[in-house]
Amino acid sequence: MLRSIAWHGMRAVEFSKGDYAALLVPDMGANLVRLADTRRGIEILRAPAGDEVEEFRRRPHVFGLPILFPPNRIADGQYTFDGRTYRFPITDAKGGHYHHGILKSQPFAVSKAWETADEVLVECRYYSNAGNDAIFRDFPHEFKCKIVYRLTARGLEQEVMFANRSKEPMPVGVGFHTPMRIPFAGGAAGDYVMRAAVGERVELSERNIPTGRKLPLSEKFARLRGAGLQVTDCDPIEAAFTVREIEVDGKPFRGALVENLRTGVRTCYEVDGQTTCWTIWNNGGKVPYCCPEPQSWTTNAPNMPDPEAEGFRSIAPGGTWSMKFRLYAK
């Protein structure tokens, strides 16, 4: 099934394949706000309820699959690259940062949509240029961002691609805020744990900016690599980590998963090699979701002493860059 619908005053695309159902809102950063296994009653992502739509408009990064460009924070709202200084508005007055970027709330166009016997594909595009200056005024590069969703009986595949249409190298840093629903199918928060492919802990300052130090995992966070850690109905978590694969069912796993300890059912979020670090955030610990946020660069990477070591990348003029993800229940 694939169809265009009206959703709380916004256009949306509803689609399904096998046991999976999805809802995409192109007007808000091409955010896939819902992914569910309807047969088993599993809500993989935090979707906005009817009384949360206005919050979704204000804070799209706490629902669905919101794109962060750049990811997390830029200290003091500026950095210098290739002889140019990029200056952004301070959106976090307390910390003095630019955070989460603006692409998460920009309108994308649905450029492709089709259904076959095996999959549903929906592609969305956004173009930044001097005539569409919501982003261009602070990030003066012409570029195309393309987000492709493929839904099959095995779950969701997502690809994000950036094409540099400007005449200068273009910095590229991407993340997703991804609030995974917990509990995802009934029960109590204590029935669920999160596991994640974390490596070292990235030390953060009081402003939540990396200090440059990498630390061994504490006993608490080492559980993310082992039996799992309860991440909702618990103490606040806002921590950053490097990426190192874990083993799940005897196989290497690069991602995060939430497991119901009573039933053994899991929701899984796989990332590719472009993800170099995580931020894990549970919004105070008293909400029914936790965000394992994959990032292509460490928070504030452009301002670090060795940006490339922190995942900082640029795209040559005419070049492209992409990263891929998978979401599914098992």
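How many nonpolar, polar and charged residues are in the lining of the second largest pocket? In this predicted model, that lining is made up of 14 nonpolar, six polar and three charged residues. The second largest pocket encloses about 250 Å³ of space. Its lining comprises 23 residues, and Phe69, Phe88, Tyr98, Gly101 and Ile102 are the closest to the pocket centre. Three elements, namely strand S10, helix H2 (133–136) and strand S15 (170–172), each contribute at least two residues to the lining of this second pocket.

The largest pocket comes next. Its volume is about 310 Å³. A total of 18 residues line the largest pocket, with Arg73, Asp92, His99, Glu238 and Trp281 closest to its centre. Two or more lining residues come from each of strand S10 (97–99) and strand S26 (277–281). Sorted by class, the lining of the largest pocket holds nine polar and eight charged residues, together with one nonpolar residue. Strand S10 thus appears in the account of both pockets, being named for the largest and again for the second largest.

A helpful residue to look at alongside the pockets is Asn72, which sits in the loop that connects strand S6 (67–68) with strand S7 (73–75). Is Asn72 buried or exposed? Asn72 counts as buried because its relative accessibility is 4%, and the cut-off for buried is under 20%. The Asn72 side chain takes part in a polar contact with the side chain of Arg73, at 2.7 Å; Arg73 is also one of the residues closest to the centre of the largest pocket. A further polar contact, at 3.2 Å, pairs the side chain of Asn72 with that of Thr279. Leaving aside residues up to four places away in sequence, Asn72 touches Tyr98, His99, His100, Thr279, Glu293, Gln295 and Thr299. Among these neighbours, His99 is listed with the residues closest to the centre of the largest pocket, whereas Tyr98 is listed with those closest to the centre of the second largest pocket.

Turning to the nonpolar interior, the largest nonpolar core contains 79 residues, of which Phe15, Leu32, Leu35, Cys145 and Phe162 touch the most other members. The element that gives the most to this core is strand S29 (residues 320–329), which supplies six residues. Another core, of 14 residues, lies apart from the largest one and includes Leu23, Val25, Val62 and Cys291.

Conventions
Residues numbered from 1 in each chain as written. Predicted model: local features only at pLDDT ≥ 70, side-chain atom pairs only at ≥ 80, totals over all residues. Heavy atoms only, no water. Core = buried A, V, L, I, M, F, W, Y, C linked by side-chain atoms within 4.5 Å. Buried < 20%, exposed > 50% of the residue type's maximum accessible area, 1.4 Å probe, protein only. Helix = DSSP H or I, 4+ residues; strand = E, 2+ residues; numbered from the N terminus. 1 Å grid on protein atoms, 1.4 Å probe; cavity = no way out; pocket = protein on both sides within 12 Å on 5 of 7 lines; lining within 4 Å. Points joined across faces, edges and corners; volume = space filled by probe spheres on them. Nonpolar A, V, L, I, M, F, W, Y, C, P; charged D, E, K, R; others polar. Polar contact = N/O pair within 3.5 Å; in protein donor to acceptor, adjacent residues only side chain to side chain. Contact = heavy atoms within 4.5 Å.
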